[in-house]
Amino acid sequence: MEHIYSASVIIPTYNRINNLKRSLDSLVEQQLPKDEFEVLICDDGSSEDTLGLAKKYDGLLNIKYFYQEDKGFRAAAARNLGIRNAEGNLCIFIDNGIILHKDAIQEHINAHQESSKPSAVLGYVYGYDMATSNHEEIRGVVEDNSIDGAIETLRNMKILDIREKHYLEFGDDLEAWPAPFVVLWTCNVSVPRETLLEIGMFDENYTTWGGEDIDLALALLQHGATIKLARASMSIHFPHEKEHDWEIDEEKGKLELMQKKEYLVSKYSSPELKRWMEINDIDQLNRVLLAERQSIR
C-alpha cells in the first residue's frame with residue numbers, strides 16, 4: 001500500500017468511549033499538520049457506540065473505523081487490522097485513554113529519522129502504573145490542566161512512567177540493555193509499517209491481556225531492529241477500572257504469564273528470554289545478564 005501519510009496512529013479499543021474521546025481530542029491538538037497523519041480506530045467488538053464517536057471527528061482528523069466481532073480479547077488482531085489498512089510510513093500504537101502531548105507524533109517521527117536502522121520507539125507515559133491508589137489524583141490533574149500543565153504537575157508529583165525506575169538504573173540507551181524486550185509495551189510505541197509486515201505483524205495467538213507486545217519486541221530484535229526510548233514523545237495514561245483477569249486474580253495472572261513465557265521460548269531461541277523464565281523480576285534479569293556479559297569480557 002502506498003504511503004500517503006508520515007504516520008498512522010492505530011488505537012485498538014473495546015468500549016470505554018469516554019477515554020477514547022480523550023485520546024482523539026489529543027490527536028486533534030497535534031502540532032503536526034493533519035494531512036501528515038491518519039487515525040485508525042480498531043474496534044474489538046464494542047457494545048458502545050464507538051463508530052458514532054469516530055464519526056464526530058470526520059473533518060477534524062483523517063479518521064478510519066474498523067470493526068471485528070467480539071470473540072474475546074483480541075488486541076493483537078485489532079492492531080493487525082490497523083496495520084493492514086494503514087497508509088502511513090510509520091505505525092504508532094496507542095491504547096484507548098492515552099492522551100498525547102501535542103508534539104508526540106512529531107517526536108516519534110524524529111526518533112525514526114535519527115535512527116540508522118529500523119526501530120521500535122517507546123514514548124514516555126506519565127501515570128502508567130499497575131497501582132490504583134493514585135487514579136483520582138491523575139484524573140484531577142488531567143481535568144484541571146492543559147496537557148502541558150498536566151504533564152508538568154505529574155512530573156512534580158513523581159507520578160511517572162512505571163518503567164522510569166528501569167531507565168534510571170540501566171540508562172536511556174536501550175540498545176545497551178541485554179533484555180530491552182521486557183519494557184516494550186504498546187501503550188505508546190511506533191514501528192515502521194514495512195518492518196511490521198516483514199516480521200508478520202502481531203501474533204494473534206494471544207487472546208488474553210498482555211504478551212503480544214513482548215512477542216513483537218523479540219521478533220523485531222531477531223529481525224535486526226533496535227528498541228529505543230524517546231522521552232520527548234510524552235503522553236498520559238488516563239486511569240480506568242480494572243477489567244482483566246490478571247488484575248483481579250493474581251494467581252491466575254501468574255499462571256498466564258508463565259504460559260506465555262513458555263510459548264515465547266518455544267518461538268525464540270534467545271538466551272536472554274530463557275533466563276527470563278528463571279528470573280521473573282525484569283530489573284534483576286537485566287542486572288544478572290549485565291554481570292554475565294561483563295564477566296565474559
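## Residues with positive phi

Lys158 sits in the loop that lies between H6 and helix H7 (164-170). In this predicted model, the phi of Lys158 is near 65°, a positive value for a residue that is not glycine. Lys158 counts as exposed because its relative accessible area is 65%, and the threshold for that class is over 50%.

Met201 likewise occupies a loop, between helix H8 (193-198) and H9. Its phi is positive, about 65°, although Met201 is not a glycine. Met201 is classed as buried because its relative accessibility is 16%, where the limit for burial is under 20%. A glycine with positive phi is also present: Gly224, which follows H9, has a value near 100°.

## Strand E6 and its partners

Strand E6 spans residues 119-126 and is mostly covered, with eight of its eight residues buried. Both faces of the strand are covered. One side carries Ser119, Val121, Gly123 and Val125, and the other carries Ala120, Leu122, Tyr124 and Tyr126; each of these residues is buried.

Two strands pair with E6. Strand E8 (residues 226-237) runs parallel to E6 and is joined to it by eight bridges. Within this pairing, Ser119 has Thr226 of E8 as its bridge partner. Strand E7 (residues 188-192) runs antiparallel to E6, with two bridges between them. Here Val121 of E6 is partnered by Ser190 of E7.

## The nonpolar core and helix H9

The largest nonpolar core comprises 88 residues, of which Leu24, Leu27, Val39 and Ile105 touch the most other members. Helix H9 (residues 212-222) supplies the largest share of this core, namely six residues. Among the four residues named above, Val39 can be described through its contacts. Apart from residues up to four places away in sequence, Val39 touches Val9, Ile11, Leu24, Leu27, Leu61, Asn62, Ile63 and Lys64. Two of the core residues with the most contacts, Leu24 and Leu27, therefore appear in the contact list of Val39 itself.

Helix H9 is mostly covered, as nine of its eleven residues are buried. The buried residues of H9 are Glu212, Asp213, Ile214, Asp215, Leu216, Ala217, Leu218, Ala219 and Leu220. Charged residues are included in this set, among them Glu212 and Asp213.

## Ser26 in helix H1

Ser26 belongs to helix H1 (residues 17-28). With a relative accessibility of 7%, Ser26 counts as buried, because this value is under 20%. Leaving aside neighbours within four places in sequence, Ser26 is in contact with Ile98, Ile99 and Leu100.

## Packing of helices H5 and H6

Helix H5 (residues 135-144) and helix H6 (residues 147-156) have axes that come within 8 Å and cross at roughly 145°. The crossing of H5 and H6 is right-handed. On the H5 side, the contact is formed by Ile138, Val141 and Val142; on the H6 side, by Ala150, Thr153 and Leu154. By class, the contact of H5 with H6 has five nonpolar residues, one polar residue and no charged residues.

The spacing of these contact positions may be read against helix geometry. An α-helix has 3.6 residues a turn, so residues three or four places apart point the same way. In H5, Ile138, Val141 and Val142 meet H6, and in H6 the residues Ala150, Thr153 and Leu154 meet H5.

Notes: Residues are numbered from 1 along each chain as its sequence is written. This is a predicted model: local features need pLDDT of at least 70, side-chain atom pairs count only at pLDDT 80 or more; totals for chains, interfaces and linings use all residues. Side-chain values use heavy atoms; hydrogens and water are left out. Buried means under 20% relative accessible area, exposed over 50%, partly exposed in between (1.4 Å probe, protein chains only). Helices (H or I, at least four residues) and strands (E, at least two) are DSSP runs, numbered from the N terminus. Two strands pair if DSSP finds at least two bridges between them. A nonpolar core is a set of buried Ala, Val, Leu, Ile, Met, Phe, Trp, Tyr and Cys residues joined through side-chain atoms within 4.5 Å. Contact means heavy atoms within 4.5 Å. Axes are lines fitted to C-alpha atoms, for helices over the stretch in contact, and angles run from 0 to 180 degrees between N-to-C directions. A crossing is left-handed if the near helix is turned anticlockwise from the far one by less than a right angle, and right-handed if clockwise.
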